Amino acid sequence: MGDAIEASWFAEKIADRSIRGIALETSALIRAGVLPIGTRLPAIRDIAYELHVSPATISEAWSELRRQKIISGRGRNGTWVSGDRFVAKPERLASSGNYAAGVLDLTLAGPDAALLPRLAEAMAYGASVDDLNSYERSRIVPELKDAVSERWPYEAEAFLATNGGYNAVYTILHALVSSGSSVAIEHPTAMRLLDILEDLGVKIIPVACDGEGPLPDSLRDALQQRPAAFLFQPRLHSVTGVAVSSSRLGLLGDVLEDSDTLIIEDDGVGDVSAAPPQSLGGRFAERTIHILSLSKSLGPDLRLAVLSSSAPIVDQIQSYRSFSAGWTSRILQGATAWLLRDPATWRLIAEAREIYQQRRDALAVALGERGIAIPPGQGLCLWVPVVSEPFAMVTLAARNIAVNPGSKFSVLPSSHIRVATSTLSDRCEEAADAIALAHTP
């Protein structure tokens, strides 16, 4: 085993002394190489003494790190940083399964490929854009900037094309938010957003929501902890299907008025939503970042999202991107611009939106007939309450139906399942019957 470290030295590195904080900050030290593979960790009682917490707190934190295979050992044998290398992975996304034939897979709330535009003509146009195959790290091609500006929810100072919505969030957070700081985010939220935050090693502050969006009082409480950013979905919540009302958005702006918190708006569902795009960017132009993903409406293989913010913030994000790809494919940007200018694209998006709504409503109505009330909403899935999440998952699996547990979408206890409806066309009654059986033990 490697050399042991002193408990006092370790305690100096840990700022957040909650179970979750100790686990996150320890994993961040390992990722950064401060705690190399093979390092022997101090005894639990010694760490607890130096951190002024109970040994049970350290034990719970260590249990989480063992589950992630970050540390090994226990008891009298000691504990150490394990493995021959540390590989970060999105735990929530990685735990999703690949299902055998015959399983009704309702885990992926993605677009129905049959409702996406064909790309042949768009790609042909994209292959003819200016500056093709240049190593210049351009931010966005003019055609795409012009196309998205027509429908952008505020007059933005600068735009940047990215390789999809989650790539945009990942890049923003790594460029602008330091490990060990705090980020406020809706409860529940997209599991991939939580994966990104947990990988970065920030403290996650949940903000409660209702049928109109994030609750102003909950955001006000979160701001007392001085988060570096507030990350939310200002148009349509991808998990619950709730559209943020314009009045609620205004109240959230009132709460944010006296803070310097970065505002990150993730419009991940995009034009699949019937709700109009909206943003706090017109009110807080100097610290709002608005992201529009085009994956749900135009297709995930375009790998495209566009973000806007102030010029200094976009400069910072682009500087971080220079460590990797540096720019988003001009071919894909040109193809996307072509699609956004084609009236046939918008007719297809309108048709897809109607079909997605019909599929969502059909399952919601069927569940209502079976005694499970689902609030009105939009989007590609249902957020279904259950009495026992583990019981629901086991019951559905026994009937060859796969859904996501609600715990993937929250850092708080959950009693929900998330059921994708975007491709649920001919087995709605079967799914409703199974969910009804899974609802109550």
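Let's go straight to helix H7 and helix H14: on the H7 side, Glu 143, Leu 144, Ala 147 and Val 148 make the contact, and on the H14 side their partners are Gln 333, Thr 336, Ala 337, Leu 340 and Arg 341. By class, that contact has 5 nonpolar, 2 polar and 2 charged residues. Keep in mind that this is a predicted model.

Now the geometry. H7 covers residues 142-149 and H14 covers 330-341, and their axes come within 8 Å, crossing at roughly 35 degrees. The hand of that crossing is left-handed.

Hold on to Val 148, since that residue turns up again. There are 3 cavities of 30 Å³ or more in the whole structure, and the largest cavity has about 130 Å³ of space. What sits closest to its centre? Of the 14 lining residues, the closest are Val 148, Arg 151, Trp 152, Asp 271 and Leu 292. So Val 148 is in the H7 contact with H14, and also among the residues closest to the centre of the largest cavity. Two elements, H7 and strand S11 (288-293), give two or more residues to this lining. Sorted by class, the lining of the largest cavity has 9 nonpolar, 1 polar and 4 charged residues.

Okay, zooming out to the domains. The chain is split into domain 1 (7-81), domain 2 (91-113 + 345-439) and domain 3 (119-341). I'll stay with domains 2 and 3. Their C-alpha centres are 25 Å apart, and the contact between them takes in 26 residues of domain 2 and 30 residues of domain 3.

That brings me to the second largest pocket, with a volume of about 310 Å³. Of the 22 residues lining the second largest pocket, Asp 210, Thr 240, Val 242, Pro 375 and Trp 383 are the closest to its centre. As for secondary structure, strand S6 (182-187), strand S7 (203-210) and strand S13 (381-385) are the elements giving two or more residues to that lining. Where is this pocket relative to the domains? Domain 2 and domain 3 both give residues to the lining, so the second largest pocket lies between them. The class split for the lining of the second largest pocket is 10 nonpolar, 9 polar and 3 charged.

While we're at S6, look just past the strand. His 187 and Pro 188 are joined by a cis peptide bond, with omega at about 0 degrees. Pro 188 itself is in the loop between S6 and helix H9 (191-200).

There's another backbone detail to flag. Arg 303 has a positive phi, about 50 degrees, although it is not a glycine. You'll find Arg 303 in the loop between helix H12 (295-298) and strand S12 (305-309).

Last stop, another helix pair. Helix H16 (residues 389-398) packs with helix H17 (residues 428-439) at an angle of about 140 degrees, and the axes are 8 Å apart. Which hand does this crossing have, left or right? The crossing of H16 and H17 is right-handed. H16 puts in Phe 391, Ala 392, Thr 395 and Leu 396, while H17 brings Ala 434, Ile 435, Leu 437 and Ala 438. That contact of H16 with H17 comes out as 7 nonpolar, 1 polar and no charged residues. Put that beside the contact of H7 with H14, with its 2 charged residues, and you have the two helix pairs I wanted to show.

How values were computed:
Residues are numbered from 1 along each chain as its sequence is written. This is a predicted model: local features need pLDDT of at least 70, side-chain atom pairs count only at pLDDT 80 or more; totals for chains, interfaces and linings use all residues. Side-chain values use heavy atoms; hydrogens and water are left out. Axes are lines fitted to C-alpha atoms, for helices over the stretch in contact, and angles run from 0 to 180 degrees between N-to-C directions. Helices (H or I, at least four residues) and strands (E, at least two) are DSSP runs, numbered from the N terminus. A crossing is left-handed if the near helix is turned anticlockwise from the far one by less than a right angle, and right-handed if clockwise. Contact means heavy atoms within 4.5 Å. Ala, Val, Leu, Ile, Met, Phe, Trp, Tyr, Cys and Pro count as nonpolar, Asp, Glu, Lys and Arg as charged, and the others, Gly among them, as polar. On a 1 Å grid over the protein atoms alone, a cavity is a set of points where a 1.4 Å probe fits but cannot get out, and a pocket is an open set with protein on both sides within 12 Å along at least five of seven lines; lining residues have an atom within 4 Å of a point. Grid points are joined across faces, edges and corners, and a volume is the space filled by probe spheres set on the points. Domain bounds come from an automatic or database domain assignment.
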